[in-house]
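Please open the structure in your viewer and keep the sequence panel visible. The tour below proceeds from one selection to the next.

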Amino acid sequence: MIKLVMATNNANKLREASEILSPLGIEVISQRQAGADCDPEENGASFAENAMIKARAVHEAVGLPVIADDSGLCVDALNGEPGVYSARYAPDNEKCPTILKKLENVPDEERGAHFVCSIAYIDGNGKEKVVEGRCSGVIAHEEKGSGGFGYDPIFKYGDKTLAEMTPEEKNKISHRGSALRALYELLSSEEG
Ligand code: IMP
C-alpha cells in the first residue's frame, strides 16, 4: 500500500480523501500521524499557492508524497471576495450573515458565486502538481438547511442550498469532490 500524507489534521478532509483514493491502493494519513507539526503562514494570492505552501512545508518535514488542499467562496458581486480570505472573513456564525448583508440590494441575476478547491500534490521525488475543482451556484436571499458548514446555508445549487443536501449529494457536485476526483485521475495516470 502506498502512503500519502495529507497536510491537515482535519478528520473530515482525511476521510473524504481516503474514500476516493483507497481504491487506488493509496493510504492517506494525517501530517500528525506522519510526525510533522507544521502550520505555515498561508499568504499566497490564490488557492493553488496556499495549497502548495502547505504541501511544501509537510513534504520538507517528512520527505514522503504529500497532498494539501485550500478552498473558499468567490462571490461575483463582491469582485471574488471572500476568496482566499474565506476562513478569516468573519467568525463562523457571522460568515453567512455578512455575505447576505453585503448582497442585500443585489438582484437575482447578479448573485452568481462559485466555490473553488485546489489540491497540491508533491510526489516522492519532489515533483509538484496542482488540480482544481469548482462548483458554481448563486447566493440565496436567506440561510436554509442545517447540514454542511461555512457558507453552505446561503449557497444555492439548483433548487437547494448545499446545507440542504446529504453529504453524498454534496460530494457529487462540490468543488472538493471534483478536485479529489481530478487528483484520482492524476494519480492513476501513467505520468502521475
Ligand atoms: P479551508 O480550505 O479549510 O481553509 O477552508 C476555507 C474556508 O472556506 C472554510 O472555512 C469555509 O468557510 C469556506 N469553505 C470551503 N469549502 C466550503 C464548503 O464546502 N462549504 C462551505 N464553506 C466552505
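Which residues of α3 are buried? Select the helix, residues 95-102, in this predicted model. The buried positions are K95, C96, I99 and L100. Viewed around the axis, they cover an arc of only 125°, which puts them on the same side of α3. An α-helix has 3.6 residues a turn, so residues three or four places apart point the same way. To see what lies over these side chains, add β3 and β5 (128-139) to the selection; both are among the elements that cover the buried residues of α3.

**The whole chain**

Now zoom out and display the protein as a cartoon. Five helices and seven strands are present, and in sequence order they give the pattern β-α-β-α-β-α-β-β-β-β-α-α. The radius of gyration is 17 Å, close to the 16 Å that the globule rule gives for 192 residues, so the protein is as compact as a globular protein of that length. The C-alpha trace spans about 50 × 30 × 25 Å along its principal axes.

Switch to a surface representation. The protein exposes about 10,000 Å², of which carbon and sulfur atoms supply 47%. Of the 192 residues, 45% count as buried. If the surface is coloured by charge, there are 21 positive and 32 negative charges to find, and the mean positions of the two sets are 2 Å apart. Among contacts between residues at least 6 apart in sequence, 59% join residues at least 24 apart.

**Helix α1**

Select residues 11-21, which form helix α1. Its buried residues are L14, E16, A17 and L21. Seen down the helix axis, they fall within an arc of 165°, so they line one face of α1. Their cover includes the strands β1 (2-6), β2 (26-30) and β3 (66-75). It also includes the helices α4 (167-173) and α5 (175-188).

Stay in this helix and pick I20. Which residues does I20 touch, leaving aside those up to four places away in sequence? They are G177, L180, R181 and Y184. Measuring tools in the viewer can then be set between I20 and E164: the two are 144 residues apart in sequence, and their C-alpha atoms are 23 Å apart in space.

**The loop between β3 and α3**

Next, move to the loop that joins β3 to α3, where D76 lies. With a relative accessibility of 48%, D76 counts as partly exposed, since the exposed class begins over 50%. Beyond residues up to four places away in sequence, D76 touches G112, A113 and H114. R111 may be selected as well: D76 and R111 are 35 residues apart in sequence, yet 6.8 Å apart from C-alpha to C-alpha.

Continue to N79, in the loop between β3 and α3. Is N79 buried or exposed? At 77% relative accessibility, N79 counts as exposed. Its backbone also deserves inspection, for phi of N79 is near 55°, a positive value in a residue other than glycine.

P82 also lies in the loop between β3 and α3. Display the backbone atoms of E81 and P82 here: the peptide bond that joins these residues is cis, with omega about -5°.

**F155 in strand β6**

For the final stop, select F155 in strand β6, residues 155-157. F155 has 0% relative accessibility and therefore counts as buried. Which residues surround F155, aside from its neighbours within four places in sequence? One group of contacts consists of L73, A113, H114 and F115. Another comprises C135, S136, G137, V138 and I139, and K160, T161 and L162 are also in contact with F155. Lastly, add A140 to the view: F155 and A140 are 15 residues apart in sequence, with a C-alpha to C-alpha distance of 6.2 Å.

Terms used
Residues numbered from 1 in each chain as written. Predicted model: local features only at pLDDT ≥ 70, side-chain atom pairs only at ≥ 80, totals over all residues. Heavy atoms only, no water. Helix = DSSP H or I, 4+ residues; strand = E, 2+ residues; numbered from the N terminus. Rg over C-alpha atoms; globule rule 2.2 N^0.38 Å. Buried < 20%, exposed > 50% of the residue type's maximum accessible area, 1.4 Å probe, protein only. Contact = heavy atoms within 4.5 Å. Areas by Shrake-Rupley, 256 points an atom, 1.4 Å probe, with all protein chains shown as cover. Lys, Arg positive; Asp, Glu negative; His and termini not counted. Charge placed at Lys NZ, Arg CZ, Asp CG, Glu CD. Arc of directions from axis to C-beta.
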